[in-house]
Amino acid sequence: MSETPSAPVSTYRVQLTPEHGFAEVAALAPYLAGLGVSHVYLSPVLQSVPASLHGYDVTDHSRVRAEFGGLAGFRAMAGALAAHGLGVVLDIVPNHMTVPVPESGNAQLWSVLREGAASPYAAWFDIDWGEDGRMTMPVLGPGAEDDPPRPQGGVLRYHDHEFPLPADHYRLGYYWEGPGYRRFFDVSSLIALRVEDEEVFEATHRVILSLVGEGLVDGLRVDHPDGLTDPRGYLTRLRERSGGVWTVAEKILVGEERLPAGWACDGTTGYDALNRITGLFVDPEGGEPLVAEFARRTGVSRDYAAVVYQAKREVLDLFFTTEVDRLVAALGGPHLRAAAVELLAAMPVYRAYVVPGEPPSAQAVRLVEDAGRVAAARLGDEAAVAEVVKRVLYGTPEAVVRFQQTTGPVMAKGVEDTALYRWYPLACLNEVGGEPGEFGGSVEEFHDYCAALPPGTMTTLSTHDTKRSEDVRARLAVLSEIPDEWARAVDDWSSRVAFDPALDYLAWQNLMAAWPIDPARFAAYLHKAAREAKTAISWVRPDPVYEHGLDDFAARAVAECGDSVAAFARRIEPHAMANSLGQKIVQLMMPGVPDVYQGNEVTDFSLVDPDNRRPVRYPCVPHGEWDAAKLLLTRSALGLRRRMGGGLPYAPLRAQGPAAGHAVAFARGRRSAPVAVAVATRLPVGLSRRGGWGGTWLPLPAGRWRDLLTGHLHTGRVPLAHLLSRYPVALLEREVIDAQ
């Protein structure tokens with residue numbers, strides 16, 4: 001594989017906040033340069049809701065966010081970073097902007113509310129004007145009949161909301177209603193953009209492209225391209241207008257799925273790599289006992305696919321009736337509604353990428369037709385499903401696109417935000433794009449995966465969106481090797497503290513894996529998990545009594561079981577540390593552009609957002625052996641990546657001997673002259689049970705190899721007991737012998 005010319009060597013993701021803006025990032029330049037990264041990868045920088053802690057709720061595409069320091073602050077930061085040899089990668093949000101409160105904070109939306117279809121910004125949004133020519137704005141809450149919106153100060157006010165008068169072009173609906181516009185997933189406060197319109201693209205990308213044009217930005221991360229009308233066309237235009245800058249797309253790949261052919265980007269943002277790496281450190285033998293234990297404790301079906309189907313049907317009924325209405329209208333009428341719903345529920349991936357006016361690809365046809373067979377069997381109406389399949393593959397542009405833009409939200413809400421909180425025999429497998437029912441992956445499968453990776457794709461272990469940080473997952477992976485011991489521990493804890501069988505087992509996994517964690521953080525996680533699971537409460541169906549019970553459970557679990565949980569975490573720490581360092585060396589040294597999420601150069605035991613977006617205290621200082629080893633490994637690997645550059649070939653190395661299955665190793669570079677070797681221990685509990693490495697050895701490529709972690713030199717056939725005597729991983733650099 002050839003090197004992607006514009007690709008960073010590595011990136012470091014920083015979450016900007018009003019308290020941690022451009023000046024604070026500039027001050028980090030010496031630290032990040034010393035860490036060894038080549039580029040700082042920033043969360044969105046355009047003007048968003050002033051108090052936003054994430055930046056995906058853009059209000060104004062024409063300005064760099066004032067709370068971060070504005071354009072002048074951005075330029076100063078970029079200059080400070082450049083002085084230390086660091087470039088900048090930006091996270092951009094083409095799919096949507098926010099519906100702020102008050103609504104006047106979005107000038108384009110306000111114009112549409114005031115002028116309707118005659119607004120110069122009406123083409124910005126995908127709007128259903130309804131039979132009365134008005135757009136529904138779902139903002140009213142219970143009791144609106146007694147406390148209705150009122151004219152005040154020249155606008156229509158409802159609590160903090162405000163709308164222009166007269167109300168000729170909108171109607172106010174209840175917040176649980178679907179809006180009169182396409183939105184991001186089921187989030188009515190995020191209104192989707194029509195970036196397929198050239199004028200909309202130019203207006204929403206002008207500032208970003210100007211920063212690229214000034215040489216201040218070296219790469220782009222595209223948020224949620226699956227929501228767009230034409231992802232391929234968008235990426236093609238972005239590449240042309242950006243001058244070919246390095247670009248990765250937040251595309252969630254499921255199972256063996258790969259990026260669609262023809263996408264003008266360098267790869268994904270790395271969830272596919274994350275899930276493959278996690279699989280290396282999960283013992284397949286633990287699958288059956290963990291599933292049995294999960295089913296026994298929760299009463300939930302052992303069949304993950306059945307749980308996914310039920311979850312997708314529920315979210316279709318709860319959240320997506322408006323989207324289904326628009327799809328059914330495009331398909332030709334309400335007689336196809338049941339078939340359309342079943343087809344949406346049966347789709348196994350986020351999108352099939354059918355483009356109106358083009359013959360669908362063989363892969364798209366296979367995906368939709370296979371889903372159609374599943375849907376027909378469930379519905380018992382083969383003819384209706386066949387008609388829907390035909391129309392979403394070959395029908396009108398409206399039908400084709402509406403279906404494409406609905407499958408992703410149904411997958412996201414049905415799987416990511418529901419099923420993954422209901423079915424969790426081993427929660428480290430419950431990541432975006434992951435398959436929780438598939439326990440572990442082989443070393444050979446991983447080698448094959450790496451050999452086919454595009455050199456410019458991003459790899460990651462933790463992000464602002466992961467359900468659990470990499471070190472939480474490293475602890476959880478150990479459970480796959482000790483399911484019986486884990487079951488006994490949970491028996492003990494749950495005999496003392498119990499609350500909801502549908503949630504308790506998830507709670508114990510996360511309490512142990514995130515330890516130490518205080519009751520407030522733990523309770524906040526449980527509240528989110530319960531709302532996402534939707535089995536007792538949800539975001540739109542609160543229950544103060546249940547929520548008080550969650551708080552009580554969290555407090556008692558920490559107070560009454562904390563010592564025992566801490567002891568369990570200490571007992572498995574050597575194995576969890578081996579998994580953590582193994583994951584890290586594989587991710588940092590495999591093909592692609594490795595990203596380090598803020599603070600994860602040392603251990604980080606964070607749960608789902610907003611927990612994983614907490615401020616990081618810099619510089620990250622080691623507090624123990626695990627921290628010190630992880631920081632040493634990160635610095636050493638990033639430095640080696642900078643020396644060796646990107647795009648080098650990947651060559652599997654295979655250990656020989658009785659414990660060979662406990663090692664994963666590979667070289668980077670041409671077969672005749674590789675420059676780096678990475679070695680990691682996998683399934684460390686099993687290795688310990690068999691008494692260690694014994695006579696297992698690794699054949700190194702020709703030359704002398706220095707371990708950057710220990711300083712030791714190695715050549716030829718090296719015993720793994722010797723190579724991995726200090727750390728469970730080894731990072732080797734080939735020494736260049738001076739010819740003189």
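In this predicted model, the loop between β11 (170–174) and β12 (183–184) contains W176. The relative accessible area of W176 is 47%. Because partly exposed residues lie between the limits of 20% for buried and 50% for exposed, W176 counts as partly exposed. Together with Y175, W539 and V540, W176 forms a nonpolar patch on the surface, and the accessible area of these residues together is about 440 Å².

We turn next to the sheets. One open sheet has three strands in the order β8-β9-β10, and their pairing is antiparallel. At its edges stand β8 (150–152) and β10 (161–164), each of which pairs on one side only. On average, neighbouring strands of this sheet are turned by 40° against each other, direction ignored. Strand β9 (residues 155–158) runs antiparallel to β8 and is joined to β8 by three bridges. R150 has R157 in β9 as its bridge partner. Helix α4 (residues 107–115) lies across β9 and β10, at about 50° to β10.

Another open sheet consists of six strands, ordered β18-β19-β20-β25-β22-β23, again with antiparallel pairing. Its edges are β18 (650–653) and β23 (713–714); each has a single partner strand, so one side of each is left without a neighbour in the sheet. Within this sheet, five bridges link β20 (residues 673–681) and β25 (residues 729–734) in the antiparallel sense, and A676 stands opposite E733 in β25. Helix α15 (residues 443–451) packs on the sheet and touches β18 and β19 (663–670), its direction making about 170° with that of β18. Helix α20 (residues 544–589) also packs on the sheet, where it touches β19, β20 and β25; the direction of α20 makes about 155° with that of β20.

Technical notes. Residues are numbered from 1 along each chain as its sequence is written. This is a predicted model: local features need pLDDT of at least 70, side-chain atom pairs count only at pLDDT 80 or more; totals for chains, interfaces and linings use all residues. Side-chain values use heavy atoms; hydrogens and water are left out. Patches are made of residues with over 30% relative accessible area and no salt bridge: like charges are joined within 9 Å, nonpolar side chains (Val, Leu, Ile, Met, Phe, Trp, Tyr) within 5 Å. Accessible areas come from the Shrake-Rupley method with a 1.4 Å probe; for residues, only the protein chains shown count as cover. A salt bridge is a side-chain nitrogen of Lys or Arg within 4 Å of a carboxyl oxygen of Asp or Glu. Helices (H or I, at least four residues) and strands (E, at least two) are DSSP runs, numbered from the N terminus. Buried means under 20% relative accessible area, exposed over 50%, partly exposed in between (1.4 Å probe, protein chains only). Two strands pair if DSSP finds at least two bridges between them. Axes are lines fitted to C-alpha atoms, for helices over the stretch in contact, and angles run from 0 to 180 degrees between N-to-C directions. Contact means heavy atoms within 4.5 Å.
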